[in-house]
Amino acid sequence: MTLKTLILADIHANGAALQAVFDQEGSWDEILFLGDAVGWGPNPEEVLSLLSEHHGVFVMGNHDRNVLRADEAKENGTSDALWMKWSRDQISSRNLEFLSSFSPPCTVERQGLSMRLIHGDVLFGGKSRLWPDSPPEVYRTLKNRYQEPHILISHTHIQFERSFEGTHFVNPGGLGQPRLGRVLAGYGVLEKGNIRLEAVPYDAEKTARDMDRLPLETTFIRAWQSSFRKGTVPDFYNIRDFSPLMKMGLR
């Protein structure tokens with residue numbers, strides 16, 4: 001029997017996007033999840049309920065940690081802090097237990113592949129991310145740090161794979177939060193010992209409408225609604241210039 005594994009990351013509480021991937025694939029044996037199930041999205045409880053129904057390995061992302069710690073965080077008045085606290089309040093005790101069970105970076109062996117599963121916020125003290133156009137020394141640092149021949153990494157929301165000095169780097173993409181102007185839920189599939197990258201359109205309008213439930217400042221919500229509809233991230237986060245990646249035809 002052929003085994004099928006879904007490789008997911010950066011869902012960010014986007015229920016419509018996750019459901020679109022599940023509908024597209026139909027059936028699978030396992031999920032390898034690279035972090036950020038919740039945070040920066042309107043459907044934290046729904047997403048965790050969907051994920052918890054399936055067998056898998058679930059790695060903790062920075063937004064997952066932030067939501068779990070939201071009750072302990074000092075109130076700083078920012079919309080992001082309020083959003084995290086709102087997300088925490090939406091999650092049932094059952095799903096909070098599930099979220100708390102997410103693991104640190106780990107190694108798994110599947111279909112003849114030895115794979116390191118990491119969420120990219122653990123890199124370089126949390127001060128850098130791995131991009132498709134990161135300089136060679138960044139890739140070399142990771143290759144030397146991790147001995148596995150396959151490194152599955154997320155956090156940047158850019159779908160790509162790259163071989164560097166014998167190490168295979170794979171980012172399945174920002175499933176619930178694309179950044180390059182294409183409204184697609186990106187993910188990966190491991191089957192017959194090979195990883196392929198996939199993407200499926202989803203109902204971003206539903207996600208944008210669901211943002212209306214957040215008790216946050218209107219201008220902040222409208223900026224996020226516009227970004228969901230366009231497949232981008234609001235400009236006020238100043239993450240990086242995404243235009244070079246767009247010119248590379250990535251998603």
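In this predicted model, Asp210 has a relative accessibility of 12% and therefore counts as buried, the limit being under 20%. Its salt-bridge partner is Arg213, and the closest N and O atoms of the two are 3.5 Å apart. Asp210 and Arg213 do not stand alone, for salt bridges with shared partners join them with Glu46 and Lys206 into one network. Arg213 itself, at 39% relative accessibility, falls in the partly exposed class, so this salt bridge brings together a buried acid and a partly exposed base.

The network belongs to a wider set: 12 salt bridges are found when the whole structure is searched. In general terms, side chains carrying opposite charges can pair once their charged atoms come close. One of the salt bridges joins Asp133 to Arg240, with 2.9 Å between the closest N and O atoms. This pair is a helpful one to look up in the structure, as it ties together distant parts of the chain, 107 residues apart. Asp133 sits in the loop between strand S5 (113–118) and helix H6 (136–145), while Arg240 sits in the loop between helix H8 (218–230) and helix H9 (243–247). Asp133 is partly exposed, at 34% relative accessibility, and Arg240 is partly exposed as well, with a relative accessible area of 24%.

A further salt bridge is formed by the side chains of Arg196 and Glu191, with an N to O distance of 3.1 Å. Here too both partners are partly exposed: the relative accessibility is 35% for Arg196 and 24% for Glu191.

Arg196 also leads into the sheets, since its number falls within strand S10 (194–201). Strand S10 belongs to an open sheet of 5 strands with mixed pairing, in the order S3-S2-S1-S9-S10. At the edges of this sheet are strand S10 and strand S3 (56–58), each of which pairs on one side only. From one strand to the next, the twist averages 25°. Within the sheet, strand S1 (residues 4–8) and strand S2 (residues 30–33) are parallel and share 4 bridges. Ile7 is found opposite Leu32 of S2.

Strand S5 offers a second view of strand pairing. All its residues, 6 of the 6, are buried, so S5 is largely enclosed by the rest of the structure. In a regular strand, side chains alternate between the two faces of the sheet. In S5, Leu113, Met115 and Leu117 lie on one side and Ser114, Arg116 and Ile118 on the other, and both faces are covered. S5 pairs with strand S4 (residues 106–110) in the antiparallel sense over 5 bridges, with Cys106 standing opposite Leu117. The hairpin of S4 and S5 leaves 2 residues between the strands, and Gln111 has a positive phi near 50° there. S5 also pairs with strand S6 (residues 150–153), this time in the parallel sense and over 4 bridges. Leu117 has Leu152 as its bridge partner in S6.

Another hairpin is made by S7 and S8, again with 2 residues between the strands. Strand S7 (residues 160–164) and strand S8 (residues 167–171) run antiparallel and are joined by 5 bridges. Among the paired positions, Glu161 has Val170 of S8 as its bridge partner. In the turn, Glu165 has a positive phi of about 50°.

Attention now turns to empty space. A search of the whole structure yields 1 cavity of 30 Å³ or more, and the largest cavity has a volume of about 60 Å³. Its lining consists of His157, Gln159, Gly173, Gly174, Pro178, Arg182, Leu184, Gly186, Ala199 and Arg251. Sorted by class, these lining residues comprise 3 nonpolar, 5 polar and 2 charged.

The largest pocket has a volume of about 220 Å³. Its lining is made by 15 residues, and those nearest the centre of the pocket are Trp40, Asn62, His63, Asn66 and Arg129. Two or more residues of the lining come from each of helix H3 (62–68) and helix H4 (79–90). By class, the pocket lining divides into 5 nonpolar, 6 polar and 4 charged residues.

Methods. Residues are numbered from 1 along each chain as its sequence is written. This is a predicted model: local features need pLDDT of at least 70, side-chain atom pairs count only at pLDDT 80 or more; totals for chains, interfaces and linings use all residues. Side-chain values use heavy atoms; hydrogens and water are left out. A salt bridge is a side-chain nitrogen of Lys or Arg within 4 Å of a carboxyl oxygen of Asp or Glu. Buried means under 20% relative accessible area, exposed over 50%, partly exposed in between (1.4 Å probe, protein chains only). Two strands pair if DSSP finds at least two bridges between them. Axes are lines fitted to C-alpha atoms, for helices over the stretch in contact, and angles run from 0 to 180 degrees between N-to-C directions. On a 1 Å grid over the protein atoms alone, a cavity is a set of points where a 1.4 Å probe fits but cannot get out, and a pocket is an open set with protein on both sides within 12 Å along at least five of seven lines; lining residues have an atom within 4 Å of a point. Grid points are joined across faces, edges and corners, and a volume is the space filled by probe spheres set on the points. Ala, Val, Leu, Ile, Met, Phe, Trp, Tyr, Cys and Pro count as nonpolar, Asp, Glu, Lys and Arg as charged, and the others, Gly among them, as polar.
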